[in-house]
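Reader: Please take a close look at one part of this model, the salt bridges. I should like to know which pairs are found, where their partners lie and how accessible those partners are.

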Amino acid sequence: MKREEIIKLLKEKENIRDDQIEIVLKEKEKTGSPFGYLLIKFGLISAERWYNFALKELKCIPIKLNEINLSKDILKLLPEFTCRKYRVLPIFKSSNKIVCGMVDPEDEDVINELKKISGMEIETRLVKEFEVKEIIETLISQGGIDIISPIEKKEITEKIFKPIKVKEVSETSAVSVVEGLISKAIEFKATDIHIEIEEEGLRLRYRINGLLYEFPPPPIELYGSIVSHIKVLSNLDIAEKRVPQDGYFKMKLYERDVDLRVSTFPTIFGENVALRVLDKRNIISGLEQLGFFPEVLHRWRILLDEPYGMILVTGPTGSGKTTTLYSSLNELDSIHKKIITIEDPVEYHLKNVNQTQVNPKAGLTFSVALRSILRQDPDIIMVGEIRDIETAEIAFRAAQTGHLVLSTLHTNTAPGAIIRLLDMGVEPYLISSSLIGVLNQRLVRSICNSCKEEYKPYIEEVKILDPKLCETTDIKFYRGKGCHICNGTGYGGRTGIFELMVINEELRRVIIKNPDFSEIKEVARRSGMELLREDGIKKVIAGITTISEVLYTTRKED
């Protein structure tokens with residue numbers, strides 16, 4: 001059916017207006033996303049109503065993804081980035097045809113694009129949007145299989161959560177379950193443990209390499225005892241179940257101390273518990289281990305060697321900012337210089353560093369602590385995060401008066417940090433005179449070295465990454481095939497991609513004029529700053545990570 005006919009039906013059956021259709025068509029022209037998916041994305045129609053509309057009015061042939069076995073080899077027929085962009089999944093393959101499940105099977109533009117990418121004929125089937133999203137996030141992004149096999153799941157269940165009858169539930173069994181949960185997290189190098197209670201029962205998930213994976217949950221009968229035991233370890237109020245609580249405890253496992261940060265949160269079915277696993281062996285390491293290329297690392301170390309000034313590390317939550325700051329502090333001379341930190345919370349205890357945790361309830365905020373710290377004669381100050389104008393101004397004045405100050409800021413780009421500070425109300429002269437560098441960063445998954453293989457990527461992926469790469473024939477691309485070491489994901493660990501903006505005289509002159517984002521970015525680029533995407537491209541060419549990882553991680557910076 002032609003799009004004009006579909007639009008006419010949408011107006012008649014779903015009461016979608018002309019001006020709303022116009023917005024969708026403009027976005028489609030700009031991004032190439034499927035027409036039906038954009039209707040859902042803009043909230044003009046729910047995903048369920050679109051599915052029923054396509055089924056009834058457009059006469060699309062449906063297919064239920066949960067009723068078929070999706071082959072890993074078939075899923076690889078289209079690049080991950082293509083599947084995400086066009087909300088499509090390859091399902092079956094014949095000699096010259098791919099059957100694809102699509103949220104909008106009537107979008108001819110998308111079908112033609114898929115033909116070009118695959119070099120094959122495309123036959124379409126209607127699928128639900130949430131099913132496509134779920135499969136992209138699990139089967140494609142996570143390498144096509146669970147982090148553990150069904151046999152391993154059975155072994156874990158039997159080993160940690162032995163069948164327990166209600167009358168046998170005791171404090172001892174809860175203790176062993178909590179120890180088992182944390183031991184398994186360390187074994188899989190997980191950064192977080194999520195114990196969630198839902199209507200159907202308990203859910204257990206571990207965050208590994210930035211993604212959440214489902215594991216067998218403990219018995220529901222032990223739920224109350226597990227939460228109580230974690231609260232006792234964290235010095236939390238066992239009786240209080242109506243408000244969130246935060247705590248901290250240490251545990252000795254595998255002959256080493258593991259720190260755990262605890263957060264409880266009430267839901268309609270009970271309390272959810274999230275544990276952040278703070279394992280120094282996994283997190284705090286030399287700066288060389290974080291993924292810096294030598295030239296960027298050299299410039300970063302020059303900044304750390306400055307006697308005074310403000311250094312900012314930026315990026316969203318979970319981008320590795322704290323790890324970079326801790327690893328940087330570890331390199332500084334803590335014997336001959338006094339280093340003090342203000343954090344919320346203190347995640348790792350550093351040798352020869354004075355660490356303070358903010359306590360807003362007691363009146364100890366970042367700004368209050370920072371004022372007092374300046375009377376402690378520090379050489380280097382680390383402020384966990386600049387959240388408000390008061391903290392920002394004190395920190396910048398400290399940087400101006402002979403202290404090296406390191407902190408974090410939530411911005412998506414290095415030049416954006418300056419705009420964020422100006423929007424907060426920090427005076428341009430303070431930024432210009434005090435700021436010496438901004439490091440923006442993200443984390444991407446590294447290719448597993450045990451199953452790394454050379455492959456030929458789809459030309460569309462390469463074009464989106466960098467059109468210039470299509471003109472070069474001697475570049476080799478790599479991916480992980482999937483093996484027992486990486487649990488079939490093709491990835492092993494994570495590495496950083498970086499965008500370092502060093503503040504020079506030209507940038508200082510621009511900042512003092514209260515500039516816009518494009519001016520700062522232009523001068524920074526002229527001064528040698530590489531963008532996140534460019535650093536990612538270098539890591540793709542070096543065989544460290546994959547095209548899809550860099551495209552997905554830097555998609556908001558396009």
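**Salt bridges in the chain**

Author: R203 has a relative accessible area of 23% and therefore counts as partly exposed, a class that lies between buried (under 20% relative accessible area) and exposed (over 50%), computed with a 1.4 Å probe on protein chains only. The structure is a predicted model, in which local features need pLDDT of at least 70 and side-chain atom pairs count only at pLDDT 80 or more, while totals for chains, interfaces and linings use all residues. Residues are numbered from 1 along each chain as its sequence is written, and side-chain values use heavy atoms, with hydrogens and water left out.

The partner of R203 is E214: the two form a salt bridge whose closest N and O atoms are 3.2 Å apart. The term denotes a side-chain nitrogen of Lys or Arg within 4 Å of a carboxyl oxygen of Asp or Glu. Because R203 belongs to strand β5 (residues 201–208) and E214 to strand β6 (residues 211–215), the pair ties together parts that are eleven residues apart in sequence. Strands (E, at least two residues) are DSSP runs, numbered from the N terminus. E214 is likewise partly exposed, at 39% relative accessible area.

A second pair consists of R479 and E453, with 3.0 Å between the closest N and O atoms of their salt bridge. Since R479 is in strand β17 (residues 477–480) and E453 in strand β16 (residues 452–455), this pair joins parts 26 residues apart in sequence. R479 is partly exposed, its relative accessible area being 27%; E453 falls into the partly exposed class with 21%.

A third pair is that of R276 and D192, where the closest N and O atoms of the salt bridge are 2.7 Å apart. These residues link distant parts of the chain, R276 being located in strand β9 (residues 270–278) and D192 in strand β4 (residues 192–198), 84 residues apart. The two partners fall into separate accessibility classes: R276 is partly exposed, with a relative accessible area of 29%, whereas D192 counts as buried, at 10%.

Beyond such pairs there is also a network of salt bridges, in which R3, K28, D107 and D109 are linked. By the rule stated above, the count comes to 34 salt bridges.

Terms used
Helix = DSSP H or I, 4+ residues; strand = E, 2+ residues; numbered from the N terminus.
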